[in-house]
Amino acid sequence: MAFVVIEKGNSRDVGKRFSLGEKAAVIGRTTAQNEPDVPLNDDYVSRRHAEIAFEQGRFVLRDLGSTNGTTLDDERLEPGQALALRHDSVVGIAVTGGSARVLLRFKVSPTVSTVRIEVDETAPLGWLHIDEATGEVWADGRPVALSRKEYDLIAFLSRRAGKLCTRDELIACVWPEALDPSGVSNAAIDQLVRRLRLKIEPDPERPVRLISRKGFGYLLV
């Protein structure tokens, strides 16, 4: 089985995995009229931005004449150009300011085969419910009012529940507008985490849900 994992981009997208098969998979921006095989929530992504196709026994990446371009392992593709994908190749979508706003990693597993696109969703946490269609969040059955950054943080962590997320991953997800990740200070991350804990933890001074691992990152349990 081959698949792509979204490693950088909108918080609603990061962590999602899409399996690849014999049918070409279109990567593009989600709109009311457009639902591509690999949907991305980013205004800089074209509706039909790129595709991954299985041709002559290998997977290839092709730019579909996108506005902001496509890269493969930092190599810019010309419109219509196709390049072969290798295990762990990095696909860049929508290049602005010299870097791609969305990153997808291509993986190949020899043990399973598939011929359709599917999304692997993280199992929900018992105390948390997120309605991504409306942006509403409930903790312990009660609605929680969150700022945009607080929502982006909890949505990202919930998709990777139980898994440690590094500060760089949090920055890429919650501050996608930051062209230079070093411009987002540790203090800004810590303050955002503290504000979110005040709203979701039974005792914010003794967090048991949003856990930190000093020097590594955070996880939601």
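**Helix α2, the largest pocket and the polar contacts of the predicted model**

Within helix α2, the residues L170, I171, A172, C173 and V174 are buried. The structure described here is a predicted model. The helix spans residues 167-174, and its buried residues pack against elements from several parts of the chain: strand β1 (2-8), helix α1 (148-159), strand β16 (165-166), helix α3 (186-200) and strand β18 (217-220). An α-helix has 3.6 residues a turn, so residues three or four places apart point the same way. The buried residues of α2 include the consecutive positions L170, I171 and A172. E169, another residue of this region, counts as partly exposed because its relative accessibility is 26%. The side chain of E169 meets that of R160 in a salt bridge, with an N to O distance of 3.2 Å.

Helix α2 also contributes to the largest pocket. At least two residues of the pocket lining come from α2, and the same holds for each of the strands β10 (90-96) and β11 (99-108). The space in this pocket amounts to about 390 Å³. The lining consists of 22 residues, of which K8, S99, A100, R101 and L103 are the closest to the pocket centre. By residue class, the lining comprises 11 nonpolar, five polar and six charged residues.

R101, one of the residues closest to the centre of the largest pocket, also takes part in a salt bridge. Its partner is D42, and the closest N and O atoms of the pair are 3.0 Å apart. The two residues belong to distant parts of the chain, 59 residues apart: R101 lies in strand β11, whereas D42 lies in the loop between β4 (38-40) and β5 (50-55). D42 counts as buried because its relative accessibility is 8%, which is under the 20% cut-off.

In total, 16 salt bridges are counted in the model. A further one that involves strand β11 is formed by the side chains of K107 and D88, with an N to O distance of 2.6 Å. K107 lies in strand β11 and D88 in the loop between β9 (82-84) and β10, so this pair ties together parts that are 19 residues apart in sequence. Both partners are partly exposed: K107 has a relative accessible area of 24%, and D88 one of 33%. The K107 and D88 residues belong to a network in which salt bridges with shared partners join E7, D88, R105 and K107.

D88 is notable also for its backbone conformation. Most residues other than glycine have a negative phi. D88, although not a glycine, has a positive phi of about 80 degrees. A positive phi is likewise found at D74, near 75 degrees. Each of these residues is placed in a loop: D88 between β9 and β10, and D74 between β7 (70-72) and β8 (75-76). With regard to accessibility, D88 counts as partly exposed at 33%, whereas D74 is exposed, with a relative accessible area of 77%.

The loop between β4 and β5, which holds D42, also contains S46. S46 counts as buried because its relative accessibility is 13%, a value under the 20% cut-off. A polar atom of the S46 side chain lies 3.0 Å from the backbone nitrogen of T67. Apart from residues up to four places away in sequence, S46 touches G28, R29, S66 and T67.

A further set of polar contacts centres on R62, which is located in strand β6 (residues 58-63). R62 carries a charged side chain yet counts as buried, because its relative accessibility is 18%. Its side chain makes polar contacts with two acidic side chains: one of 2.8 Å with E51 and one of 3.1 Å with E55. When neighbours within four places in sequence are left aside, the residues in contact with R62 are A50, E51, A53, E55, L77, G80, Q81 and A82. E51 and E55, the partners in the polar contacts, are thus among the residues that R62 touches.

Note on methods. Residues are numbered from 1 along each chain as its sequence is written. This is a predicted model: local features need pLDDT of at least 70, side-chain atom pairs count only at pLDDT 80 or more; totals for chains, interfaces and linings use all residues. Side-chain values use heavy atoms; hydrogens and water are left out. On a 1 Å grid over the protein atoms alone, a cavity is a set of points where a 1.4 Å probe fits but cannot get out, and a pocket is an open set with protein on both sides within 12 Å along at least five of seven lines; lining residues have an atom within 4 Å of a point. Grid points are joined across faces, edges and corners, and a volume is the space filled by probe spheres set on the points. Helices (H or I, at least four residues) and strands (E, at least two) are DSSP runs, numbered from the N terminus. Buried means under 20% relative accessible area, exposed over 50%, partly exposed in between (1.4 Å probe, protein chains only). Contact means heavy atoms within 4.5 Å. A salt bridge is a side-chain nitrogen of Lys or Arg within 4 Å of a carboxyl oxygen of Asp or Glu. A polar contact is a pair of N or O atoms within 3.5 Å; within protein, one must be able to donate a hydrogen and the other to accept it, and residues adjacent in sequence count only if both atoms are side-chain atoms.
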